[in-house]
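This report describes one protein chain, going from its overall make-up to single residues. The sequence and the structure come first.

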Amino acid sequence: MKINNCAAIPFSELIFDTTGRKVLPFEANNAVDQRVAKAISAACDETMKRLNAPDSAIQNIDRINEVSSHFEDTLRELLNATPGLQCDFPLTVEGKVQRSGYPDLRITDLESKRVFYLDPKLYAAGSRDSSFRTFYFEPKKSTNKVRDDAVHFVVGFEHAPRETGSGSPNAAWKFTRWDLVDLSRFTVKLKAEFQGSNRDMYRPEAIVASSAK
């Protein structure tokens, strides 16, 4: 696959070329796919209900990035409790659990052995059409977690604006909707970048002046 920085690349081709695994399309007329989608939908409803509760652990968290893991944990718990399904964190090729990186959850329909990857995303109301990066996949062999031919889903949870400060009506996290997205026709773009670390930058021989000690 020939890649440049501007071209839209089919996600299914990217996954196949980097992992050797197929991205299977969700089949609306397939009984297994219907059953799993229904179970995920129920788990999403319950997850949103639990995490919207005033006594939810996420209500004490200020940064939305730190809320994501609670969605992953709750969805995993609920889907694992669903008869006929198994849900866990996908393992890397080295057999290790790695929470960061795509995908977050691996669901197996125990009867058919069909695999579904699920990646929860959180976004603010009004940002649905934003062009800022919200999805990334790093094709690295040592940390690769895509090890099956599978249906790939993203589930996006939308939240209302949150204001900080006691007494504010929007001081709590309030999630208002979710959408389950089939990634079989998803396209991505490559963003190449040059980078350096603090170690690279703050070399003693390169420092021209410093603050007084």
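The text below takes up the whole chain, then the first helix, the paired strands, and a few residues in loops.

**Overall make-up**

The model is predicted, not experimental. Four helices and eight strands make up its secondary structure. Their order along the sequence is β-α-β-α-α-β-β-β-β-β-β-α. Taken along the principal axes, the box filled by the C-alpha atoms is roughly 70 × 55 × 35 Å.

The protein has 213 residues, and 35% of them count as buried. About 13600 Å² of surface is exposed, with carbon and sulfur atoms supplying 50% of that area. Of the contacts between residues at least 6 apart in sequence, 69% join residues at least 24 apart. There are 30 positive and 29 negative charges, and the mean positions of the two sets lie 3 Å apart.

**Helix H1 and its cover**

Helix H1 spans residues 11–19, and its buried residues are Phe 11, Leu 14, Ile 15 and Thr 19. Viewed down the axis of H1, these residues fall within an arc of 95 degrees, so they line one face of the helix. Their cover includes strands S1 (9–10), S2 (23–24), S6 (150–159) and S8 (187–188). Just after H1 comes Gly 20, which takes a positive phi of about 80 degrees.

**The paired strands S3 to S6**

Strands S3 and S4 run antiparallel and are joined by four bridges. One pair of bridge partners here is Asp 88 and Arg 106, the latter in S4. S4 is joined in turn to S5 (residues 115–124), again by four bridges and in the antiparallel sense. S5 then pairs with S6 in the parallel sense, over ten bridges.

Leu 118 of S5 takes part in two of these pairings. It is the bridge partner of Leu 105, and its own partner in S6 is Phe 153.

The table sets out the three pairings, with one pair of bridge partners for each.

| Strands | Sense | Bridges | Bridge partners |
|---|---|---|---|
| S3 and S4 | antiparallel | four bridges | Asp 88 and Arg 106 |
| S4 and S5 | antiparallel | four bridges | Leu 105 and Leu 118 |
| S5 and S6 | parallel | ten bridges | Leu 118 and Phe 153 |

Four of the five residues of S4 are buried, so the rest of the structure largely encloses this strand. The count for S5 is eight of ten residues, so S5 is likewise largely enclosed by the rest of the structure. In a regular strand, side chains alternate between the two faces of the sheet. With eight of its ten residues buried, S5 has buried residues that cannot be confined to alternate positions along the strand.

**Loop residues**

The loop between S3 (85–88) and S4 (105–109) contains Thr 92. Thr 92 counts as buried because its relative accessible area is 2%, under the 20% cut-off. Apart from neighbours within four places in sequence, Thr 92 is in contact with Gln 98, Ser 142, Thr 143, Asn 144, Lys 145 and Arg 147.

Pro 103 is also found in the loop between S3 and S4. The peptide bond leading from Tyr 102 to Pro 103 is cis, with omega near -10 degrees. Most peptide bonds are trans, and most residues other than glycine have a negative phi.

Lys 113 departs from the second of these tendencies: it is not a glycine, yet has a positive phi of about 65 degrees. Lys 113 lies in the loop between S4 and S5, and the hairpin formed by these strands has five residues between them. At a relative accessibility of 58%, Lys 113 counts as exposed, because the cut-off for that class is over 50%.

Ala 81 is placed in the loop between helix H3 (68–80) and S3. Its relative accessible area is 63%, and Ala 81 is therefore exposed. Along the chain, Ala 81 and Ala 43 are 38 residues apart, and their C-alpha atoms are separated by 9.8 Å.

How values were computed. Residues numbered from 1 in each chain as written. Heavy atoms only, no water. Helix = DSSP H or I, 4+ residues; strand = E, 2+ residues; numbered from the N terminus. Buried < 20%, exposed > 50% of the residue type's maximum accessible area, 1.4 Å probe, protein only. Contact = heavy atoms within 4.5 Å. Pairing = 2+ DSSP bridges. Areas by Shrake-Rupley, 256 points an atom, 1.4 Å probe, with all protein chains shown as cover. Lys, Arg positive; Asp, Glu negative; His and termini not counted. Charge placed at Lys NZ, Arg CZ, Asp CG, Glu CD. Arc of directions from axis to C-beta.
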